[in-house]
Amino acid sequence: MRLIRQLQGALLGAVILAAALLGAAAPASAHDAAESTSPASGATVAAPPEKVSVTFNKNPLALGSQMLVNDAAGVNWADGAVEIVDNVASQKLKPGAPAGAYTVVWRVVSSDSHPIEGNFAFTATTGAAGSTAAAAVPTMGTAQPGTTPAPSLPADSSEPFPWSIVIFVGTAIGIVVVLGLMAKRRLAGRDEQVDDGQDAEHQGAGN
């Protein structure tokens, strides 16, 4: 009976451990997320800014970072490498960017070494200084200079399912089950020995 109680206690402990690990898996596996952009997503600005930026909830890694600033014709106006300071990744633009719509496509490596990516768009009503296409274009609303919190995370941001946690929990439960079967066989062997001993005593008493 004592062995059975120990087995039940070990199985209960494994179930509690599995529940705790699965409960902690979601926040633990969450990667860095974009909190805001500059210019704000969907904003209309007077002219193309000197640089664009994305602010994250944690400090991303500089390795493998990339940011494209494409105009309506698909020309990339990014100038040089992405600059990361604390939790802000920024990209300078080449001089003379024209008026019109821009799409910024970014990709960085999050603080947990997983790549994350996203995009946002803005419109410039006039070209930058030195631009040969400085004609005004229809605006999308009131100019919104500066950094404004984005309404939601980029649609194409993704987070993988924490399979490593699930595999670990499954392995732990499997070990407990194997130990339980071994203990059960050991207990059955002891019961057979007790029965054999009792039979021997009865035979001795009959003689």
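How many helices and how many strands are there in the chain? Good morning, colleagues. The model before us is a predicted one, and in it the chain contains 2 helices and 9 strands. Along the sequence these elements follow the order α-β-β-β-β-β-β-β-β-β-α.

Let me begin with the chain as a whole. It has 207 residues, of which 30% count as buried. Among contacts with a sequence separation of 6 or more, 66% join residues that lie 24 or more positions apart. The exposed area of the chain is about 12,900 Å², with 60% of that supplied by carbon and sulfur atoms.

I turn next to the strands, starting with strand 3. Strand 3 covers residues 51-56, and because 5 of its 6 residues are buried, it is largely enclosed by the rest of the structure. Which strands pair with strand 3? One is strand 1, residues 34-38, which pairs with strand 3 in the antiparallel sense over 4 bridges. Within that pairing, Ala34 has Phe56 of strand 3 as its bridge partner. Another is strand 6, residues 88-92, again antiparallel, over 5 bridges. Here Val54 has Ala89 of strand 6 as its bridge partner.

A further set of pairings involves strand 7, residues 100-109. Strand 4, residues 61-71, pairs with strand 7 in the antiparallel sense over 7 bridges, and Leu61 stands opposite Val109 of strand 7. Strand 7 also pairs with strand 8, residues 115-124, in the antiparallel sense and over 10 bridges. In that pairing, Val104 is found opposite Phe120 of strand 8.

I now come to the nonpolar core. Which residues touch the most other members of the largest nonpolar core? That core has 21 residues, and the ones in question are Val52, Phe56, Met67 and Trp106. At least two residues of this core come from each of strand 3, strand 4, strand 7 and strand 8. Met67 deserves a separate word. Leaving aside residues up to four places away in sequence, Met67 touches a set that includes Val52, Val54, Ala89, Val104 and Trp106. Also among the residues touched by Met67 are Ala78, Val82, Ser90, Gln91 and Val105.

Strand 2 offers an example of a link between positions distant in sequence. Ala43 belongs to strand 2, residues 43-45, and with a relative accessible area of 0% it is buried. Its C-alpha atom is separated by 6.4 Å from that of Thr123, although the two residues are 80 apart along the chain.

Next, electrostatics. Side chains of opposite charge can pair when their charged atoms come close. The count for this model is 1 salt bridge. It joins Arg107 and Glu117, with 3.0 Å between the closest N and O atoms. Since Arg107 lies in strand 7 and Glu117 in strand 8, the pair ties together parts 10 residues apart in sequence. Are the two partners buried or partly exposed? Arg107 has a relative accessibility of 36% and therefore counts as partly exposed. Glu117, at 35%, is likewise partly exposed.

A few backbone details merit attention. Most residues other than glycine have a negative phi, and most peptide bonds are trans. In this model, the peptide bond from Ser38 to Pro39 is cis, with omega near -5 degrees. Pro39 sits in the loop between strand 1 and strand 2. Where do we find positive phi values in residues other than glycine? Asp86 has a phi near 55 degrees, and Ser113 has a phi near 75 degrees. Asp86 is located in the loop between strand 5, residues 83-85, and strand 6. With a relative accessible area of 56%, Asp86 is exposed. Ser113 belongs to the hairpin of strand 7 and strand 8, which has 5 residues between the strands. Ser113 is also exposed, its relative accessible area being 53%.

Finally, the surface. Ile173, Val177 and Leu181 make a nonpolar patch of about 240 Å². Leu181 lies in helix 2, residues 163-206, and its relative accessibility of 48% makes it partly exposed.

In closing, I would return to two points. Strand 3 is largely enclosed by the rest of the structure, and strand 7 pairs with both strand 4 and strand 8. Thank you for your attention.

Note on methods. Residues numbered from 1 in each chain as written. Predicted model: local features only at pLDDT ≥ 70, side-chain atom pairs only at ≥ 80, totals over all residues. Heavy atoms only, no water. Buried < 20%, exposed > 50% of the residue type's maximum accessible area, 1.4 Å probe, protein only. Pairing = 2+ DSSP bridges. Contact = heavy atoms within 4.5 Å. Areas by Shrake-Rupley, 256 points an atom, 1.4 Å probe, with all protein chains shown as cover. Patch = residues over 30% accessible without salt bridge, like charges linked within 9 Å, V, L, I, M, F, W, Y side chains within 5 Å. Salt bridge = Lys/Arg side-chain N within 4 Å of Asp/Glu carboxyl O. Core = buried A, V, L, I, M, F, W, Y, C linked by side-chain atoms within 4.5 Å.
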